Structure formats: C-alpha cells, structure tokens
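Student: Could you take me through one part of this structure up close? I'd like to see how the pieces there fit together.

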Amino acid sequence: MEARIFEHASAMPAPTWYFLHMNDATIEIPAQLSCEAQAVIETDAPLGDATEFVEAMQAAQAAWDKAYGDRPVLTNAVDEQAEELGGLALSAYQKKADAMEQSKSLAAAFTQGMGEEVSDWIREMAVKTQSVIAPAGSTHTAHVQISGVNMGANMTAIDLVAHEGATLDVAIIVDSPTAGTGVTGSSLRIFAAEGAHVTVRRVQTLDDTWTDLDDMGLFAADNATIEVHQTVLGAGKTYTGLAGDLCGYNSTINVYTHYLGHGEQELDFNYVLRHHGAKSTCNLYANGVLAGSSKKTLRGTIDLIRGGKGAVGHEVDNVLLVDEGVSNKTVPNILCNEDDVMGNHGATIGHIKADQLFYLESRGLSPEQAEQMFVTATLEDAWLNAANDVTKQAVARLGNTLVENFEEVYL
Amino acid sequence: MTESSEKKRTQVDDIDRSMYDFIKDESNQEHLEAGLTPEIVREISEKKNEPDWMLEKRLKALEIYHELPIPDWGPSIAGLDMDHIVTYVKPETDQQASWDDVPEDIKDTFDRLGIPEAERSYLAGVGAQYDSELVYHSMQESASKMGIVYSGIEEALEDPKWEGIIHDHFMKLIPPTDHKFAALHGAVWSGGSFVYVPKGVQLDYPLQSYFRLNARGAGQFEHTLIIVEDDASLHFIEGCSAPKYNVANLHAGAVELFVGERAHLRYSTIENWSKNMYNLNTKRAICKEGGDIEWISGSFGSHVGYLYPMSILNGRDAKSSFTGITFAGAGQNLDTGCKVVLNAPRTKASVETKSISKDGGVSTFRSSVVATKNAEDSAATVSCQSLMLDDRSRSDTIPAMDVKCKNVDIGHEATIGRIGDDKVFYLMSRGLSEEEARTMIVNGFAEPVSKELPLEYAVEMNNLIKLEMEGAIG
Amino acid sequence: MSDALLSVRNLSAGVDGKEILHSVDLDVEEGGVHVLMGPNGAGKSTLGHVIMGEPTYDVTGGTITFGGEDVTELSPDKRSLAGMFLSFQAPVEIPGVPLSSFLRAIASARPELDMKRKEFRKRVRELADELDMDRAYLDRELGVGFSGGEKKKVEMLQLLLLKPRLAILDEADSGLDVDALSVVSRGMELYRRECNGTLLVITHNTRILEHLDVDKVHVMVRGSMVTEGDASMIADIDTNGFEQFESLAQAR
C-alpha cells in the first residue's frame, strides 16, 4: 500500500488565522502497510450493506421535503448601499453555508468529521461497508473489536441504521493486544430515524506505536437521540472527527469525550454539530488530562442554522495540564444565523481549579498526588464505564503499561 | 445618572446620523496616480522629505505586499480593487498650529464632529487627520510642560531628537510580513500621531485624535506610534468617520503601542467609518514588566472590518484588558476581536466582548489567547456574548486558545442568543414601547463598554446604538 | 498552652486585605462535642476553612495548634494527614474522577488505611449502606449530578472512612430534607461511637444538635468570638436568637 498524506483532514468549517496551526490536521499514513479489514462485529441485529444508510437518508429527504420543501430559504438581508458595493462581503465559509441551505439537500449537507478524503480512504481500505440495522421499535446491541495488526492498516466501515423508535447500543473497542506498529481506524455513519435512540461507546487503548482514525457522521431525525462516548486513552497519534446533523424537530446529539494524553502522544479532535431542526439540542462535553509531553487540539463547532428555532447548543472542554511540556489547543466555535437559539461554550485549561484543589488537599492529597489521581481516575473511569469485558481487559492492559500495578491496585 | 450627564445625553440625542455623511469638495486636492508601484512609493516618500531608511522600509514593505496572499479566512475583500484605488490623497493644506488657520471647510468638518469643543472641555490634546495628512494638532500647555510630546509622525521624524526613537520602534511590533495590509501600510503609510510620555509622567486627562476620510475611493494609512515610558500613564482616544460613497474606501492604519515597566496605557476607539469602508486596521501593544494595556473598542461603521488589537505581555506581571463592542447592521460584515500573547510569568489578560447583529449584518468575534512556555502562573479569561436581533443576520464566534505552559489558568465562556421576550414584555408592561424596550436592553448589553468610555464618547456610542435601533421593529 | 486538641489563639484572617476574623480564640477538647454558632455572615465558615488552611484566606495574626503542634503554616493536606477533617458546606464537583477512585486516592495517602483492594471496596460499600447511599454513586463522577443530600452523604462517608481525630462539620444540615438530615445525624453518631472522635459543628440552626450530647457552645458575631457556654445555651439561642450577643460584638 502507498503512503498517504491528508493535508486538510478534520478541518473546522469556519477557519481562523493560519499562524495558530489549528484549522485542520495533517495525517500521514506510512508506506508498505498491508491492507487489513479485520474488525469483528458481534450483534443480535440484522446486518446489511451500504444501501441501508443511503435509503434511510433518501426517506428522510422525502419526509423533509414534504414538511419543509415549500419553506423559503432566507438569506441575510442586504440594504441598498451594500448592493452598490457588490452585496454583503461574506467570507468563503459564510457563502458556502448559504449555498448549502439553498440546496435543501440533506445528503449534500451530511459530512463526516474527518472530511470526505479520509472517510473515502477508510471505506476503500475497509473493502466493504457493513450496516447494523435496528428495525422499527426493536432493541439491539452490537460489539465491535478492532485490533492493531502489525504493519497493517486495519480499517472498518460501519453504518448504524436505527429505524423508527428503535434502540441500538454499540460498543467499539480499539486495542493492540499484541506488540507492533500500524494504523487502525473506523468510519461510522449513524442514522437515527424518528424517535430512535442510538448509543455508541468507542474506547481506544492502543500502545504508542499505533495511529488511530475515528471518523463519524451522524444524522438525527425528529425526536431522535444519538449519544456518543469517545474514550481516548492510547495511540501515539489519534484523530477523532465527528460531524452531526440535527435535522429533526427535538433531535438530540450528545457527545462525551474523555481523553488521557501521555508520553509524546498527539491527539486531534474535530467536532461539527449542525442544528437544522427546531428545538434540537446538542451537548459537546470534553474532559481530559494531558501528561508527559502530549499535545492536543480540539476544534468544536456548533452551527445554529436559520430555521432551527429554539435550538440549544452547549460545548465544554476542560483540560487539566499535568506536566511541563504539554500543549493544548482548543477552539470552541459557535456559528449562528438564527436568532431564536441558545448557544454557549466554555473552556478551562490549566491546573486544578483552586476550589477543587483545596477540597482534595483537605482530604490529605498533595497537589502532585491530586494530579496523579486525575491520571489514574481517567483510566478507572473508562474501566468502570466499559460496556463489556473485552473493553475492561483492554483498559486494564493499557493501564498496566502506564501505571505500576494498575490492575492490582486500582481495579 | 447625574443631572449633568442627563442633560448632555439629551443634547447629543438631537444630532442626526446624517452629520457623518456630508462630503466636502475634494476637487482641488492632489491625487496620486491609481495603482501601486515603487514609483508611487518613492513619490510619497519624496514629498515627505523623510530619511532614507524610511524609504527603504517602504520599498521592502511593497515587495512583501506583492508577495503576500489576500486573507481567505475572513470577510470577502473582493470589493476592493487594489489596482485602481487611489492610495493617497493629500489635503490642500499643511498642518496648522492654530485652529483659526485651518481652512474653513475642513474646520467646518471638525466643528461638526465636535472636536475643538471636546478639546476645550477637557481633552489634553487633539490631533485631527483629514484624509492622509494631519491638518490640525494642538495640546494643552500643561501636558507639554510635563514633557509629553504629541505631534504628527512626519513632523517628529524631522526632529533629530525623535528620529532615532521612531527608527527603533516604527513597524517593529507590526512587521510588514504580518499580513498583506500591514505590508501595504508599511509601503504607503501617511500621517498619524507620535506620542511620547516620559518616565514617571502621569497624564490624568486623555489625548485625542480624530480621523476622517473624505475623498471618494481613497485609502487612509495613518500610523500611530505611542511610547509610554516606565511608571508613566496615558489615555489615548481615537475616533474615525467618513462620508458615504457608493465605491469602496480603504483604511489600513497601524497602531504601535510601547508600554514601559509599570506604565499604564488606555487606548479607546469609537470607530464609525461609513458603510463603504474596508477597515483593515492593525493595532498592537507590547508591555514590559508590570505594564498595563487597556483596550476599549467600539466598532459601528465600515462595510467590512478586520480588527483585532493585540497585546503582547512580555514582562512579568504585565496586564492586558480588552473591552469591545461590535454592532453589525445592514450590509456590514465585521470581523473583530483581539489577540493576546502571555509570554512572561504572572501575566494576566481579560477579554470581554459584546456583539450585536441586526438587519442582515454579520458579526464575527475572533480571538486568540496564546500562553507560551514562559507564562508560568499566568491567567486569562475570555468572555463574549452575542446578540442576534433578527433571523436575517449572522453572528459567529471563533475563539482560539493555545496553551504551552502547565501552570496557567485559561478560562473561556461565550453565549449567543436573542433578547428574551420576557424582558421586553416586562419593560413594555411598565409603559415603554417595544422599540424603547429593545433599545434599553441593547444599551444595557453594551454597558460594560460604554462605562469605560469618557462621558462624551459613551453618549456618542449610546446615540449610535439608538440610531441603529430606530425602526428595528418591523 | 492549653492541652486542648485544637487550640486557636488570637487568630485574625481575611481576604485581599479585608479582615474577616478578628483575634479569635477557640479551644476544642479531645473527645468533646463543640458547637460553633452565630448569625449568617458571622465568619463561622471562614473560621472552619481557615483552620483547615484554605489558601484563599490570609492569616494575618495568631496561631492554630492541633494535637500540640503548631499547624498555622501547614498546607491543607498536611493538616488532613495530621487528623483534621472539614466537611464542606458545598462540596466541589470533580468531573472525570469517579467517587471510588477519589476515595482510594485519599485512603492510600494514609498508611493506616492501607488495605487490599477487595477489603477496601468492601469497607466503602459497607459505609455506603450504613448511610443509605446508593452504591451506584461510587462509580459516578465525584459530585457531578449529585443532589445536595447525596453530596452530604459523600462527606459523611469520607468522615467515617478517614476516622480523623477532629471533624469540623460546616453547616452539615443546610438545605437537607428530613431523611438526609437523619443520615447526617447518624454519620455524626457513628463517628462519635466508632472513632471516639472530636466534633466541631458549625451551624446556625439548632435542629441538627437534637441527638447530640453537646459539651460546649461557642458564639461568633461579626468575625469575633463573643461568648461560650454549656449546652443550655442552645435552647436560649433557639428562643431568643442572636441579637442578645450583638452588644458583646460591639464591645469588642
């Protein structure tokens, strides 16, 4: 397999100054990897191929056209004077956003977090796309195991399609039980039809010699809820990209990200949540610890699109910096052209907050012990919340390499 | 509110927006050839009779200008045609020592803007820029007795005492390589102010400058260089306006502020360029140990705005605060915010901004907070609130944080939304009209900025908001 | 030098140059139950936090002696390891840290609590059961989404786990419903019985004291200690309030 370089992967939709080097990520895939597609999927749900997702999107488009097709797409008002100057001087992004609204195409608006180029590559490497289907009103679970294959690119492409009122719980564990080096990755498209509830828990516990790609695209119809938990504990380089369309009325997408950076790891996160639907809600909640000389970048974008009346978007990134030499970049964007919305974001970056530290100290922990507690707690939290035994074992395995006697003392 | 301020507000309320829209006859003025070549740059330099090093700087900047790309991340500047814009307009008068000597029509302009009046009431000094040249300049005797220098920058360059200092500071904070319009500025800059506050001197009333771009399709490239020495203190105010044209005007000024040890500088701006202006201005301050820079910034005018005052905190315990408001109305795309670099131990920065979008206007808050490895025990807080007044407008928030130091506290919060119906209802239930209620709420929203401004400017700002809010209720 | 377990002498402290505590004296006897009362804003909680060493406050004069040792300059963790405990009126939330991880971390900082993990987990579960606390809370992030009552239970659980020599309970009864109140009372009783512990209960409300055998009552008003007496003062305060002490505060 040829080497690949993706120069503008996981790009945030509205870029900022180049000098910050935060707009996107450059991903290098080394040469001479074998092409593997070895994910193990265990599920009680029916399986299908890529057409399931495409058909579900077409059905959603038809429903959307019926409900909103005649609704005019408003653009920014422009006064006479601006007309004389050639109209409103929109940025490239703002123009693109307007064009997207004009197209009224759900499929065109739908993107995946790492961008088309990377998504397509993962799908190509994965050879085929499998879909896990939860028929209307059903409840199903699926477990996916992706293991590092030495000198290989182990890629997986999965569509999760939950029909009306269905519940689908999916756990994905990405681990490297045997030593080696290579790339793992998954590209997920998630469709939650009216009233459906999809939960995905992806836990990644690779050793430092690996690179991991986590690419997701979400679509939530009326009253649908999608919940994604991403726990990033390992891998020398990890790229997480998630984009979601809250198209439906009262649709919800919640994303919980827990990460632990250590050694010389590089972590990159890109989140893009677009509110088209009225009363739609999203929460992006990231909480992590950076130790060693690890580096993290998080781009979070909430887009409150005209027409999504009553939408609420909420975004938080709390980062604890434990060692000298770490680096953290956070850019929490809110884009908005609808007035009847509530958007907010917050970030705290640095040492333990004063009130928290006093509390911990008053219980006998020194500042150093308190910081160490955050490191081990991230691992313990992942273990406690693991969806299955395979995941628990993987967390314990990585924990033992990072913390002396982790399993024995802490679990 | 005190009785006197109440009275003042009523007075100012009477002025009409059209006062900013009058156009003076510019036919007698000397226009340079459109387009930008080394010859034009040489011509500008020659007319100013400036030192050779300055010409070299200009020519170097021009080269850089041609190399740098047009920024592609912000509002479109396709409406600017750099090859045809008149880059330099020289008013028909030289700088005057006395207000009486200023030509009648120019004087009339400034009278209408209230500048000499403001000076009489309490401002320590006034510099007024008309198109590219400083036409009026004055400072109260007491300030000059304290050793404070406030003059046109060309004038200071001619003085051997200041030439060296200007040489050491000019375009050092904002190098031409910074971005395309900084390079353009470096090549064709003209006019502006030089302020020097000696060690330990504290001026307790503000210096003021006013820029007015009058010529159709012109550019203004004034340079403001302020040096506040150790333990000194200064408040500087700038205001800007221009008449309306149906072609683009360009403002690419540069403001370089040097704040000494334990010195304090407050830099206040009320920008109300007319809505055909491309305001691509660059402002930057550097603080030594214990130095303190405060930015107060109100952006109301312009068709397109790119404005991000930057603070570089280079000495321990240096501080920066930025308080800003941006009001984007019909036809405007205003991309504003600030940049902060924490580059020394125990530095502190705070950013508080408000933005309002209305009638199709686009407001983007853009910021960066960078904490370098040197920033041990530093802290920064960023808070931005955006208000959408209708669903035909846009408001984006793009705040970046880059932290490379463990022992810091960086906090950020932002909210976006509209005026709560409950608030409007409450005020209307007490007898206010809907327009009055909304205006009152927007004024309250802008209060953190207006309370930092001298009264007259606060009144002007509230008045601008009031004018913007008129007819806001469809 | 008094032989009290905790001895506060002439303690003045404040924030940003503003003095809140004015030359406060307080002795708490080993094994005793002391109550610190006073109207809202009297500085009771501040005194509790200053005794524990909260860095927000600057101690501008006086000493704090615990077990015969001057702890005035010690950091909070050293005070904790020496056997002092402060139950917070508003315990903080610590996202990302499960309660069980936190409990093990604070236990492992003490050699006397060094247990095998199974033994430790068993002990924590026992304590949770005794306090009517749902075990599921042990796996949840500390304080995140906990009700006021649950937070107080977590404080009591730590008290019983750490078995400190002195427990300062800051407004342990504030904002609690009747059931939670009884849990706090039970926690205090257990602490007294199992650890023979010393209590300093900070409160402005007398209900929490009903089941306690109070040895001494201290009254603070506006940052000064105005009077002290035996348990009979509680009934007096219940009937007559704190106004009676105002003149004493003025006299100081």
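Tutor: Happily! Helix 7 of chain A crosses helix 8 of chain A in a left-handed sense; keep in mind that this is a predicted model. Two packed helices are described by the angle between their axes and the distance between the axes. Here, the axes of helix 7 and helix 8 (residues 389-402) of chain A lie 8 Å apart, at an angle of about 165 degrees. Because angles over 145 degrees count as roughly antiparallel, helix 7 of chain A is roughly antiparallel to helix 8 of chain A.

Now look at the residues that meet. Helix 7 of chain A brings L379(A), A382(A) and W383(A), while helix 8 of chain A brings K392(A), V395(A), A396(A) and G399(A). By character, this contact has five nonpolar residues, one polar and one charged.

Helix 7 of chain A also has a part to play in the contact with another chain. There, 23 residues of chain A are in contact with 26 residues of chain C. On the chain A side, helix 6 (354-362) and helix 7 (367-384) each supply at least two residues. Helix 7 of chain A gives the most to that side, with nine residues. The makeup of the chain A side that touches chain C is eight nonpolar, ten polar and five charged residues.

So, to put the two together with helix 7 of chain A in view: helix 7 runs roughly antiparallel to helix 8 of chain A, and helix 7 is also the element that gives the most to the side of chain A touching chain C.

Note on methods: Residues are numbered from 1 along each chain as its sequence is written. Chains are lettered from A and ligands numbered from 1 in the order in which they are written. This is a predicted model: local features need pLDDT of at least 70, side-chain atom pairs count only at pLDDT 80 or more; totals for chains, interfaces and linings use all residues. Two residues are in contact if their C-beta atoms, placed from the backbone, lie within 7 Å. Helices (H or I, at least four residues) and strands (E, at least two) are DSSP runs, numbered from the N terminus. Ala, Val, Leu, Ile, Met, Phe, Trp, Tyr, Cys and Pro count as nonpolar, Asp, Glu, Lys and Arg as charged, and the others, Gly among them, as polar. Axes are lines fitted to C-alpha atoms, for helices over the stretch in contact, and angles run from 0 to 180 degrees between N-to-C directions. Angles under 35 degrees count as roughly parallel, over 145 as roughly antiparallel, 65 to 115 as roughly perpendicular and the rest as oblique. A crossing is left-handed if the near helix is turned anticlockwise from the far one by less than a right angle, and right-handed if clockwise.
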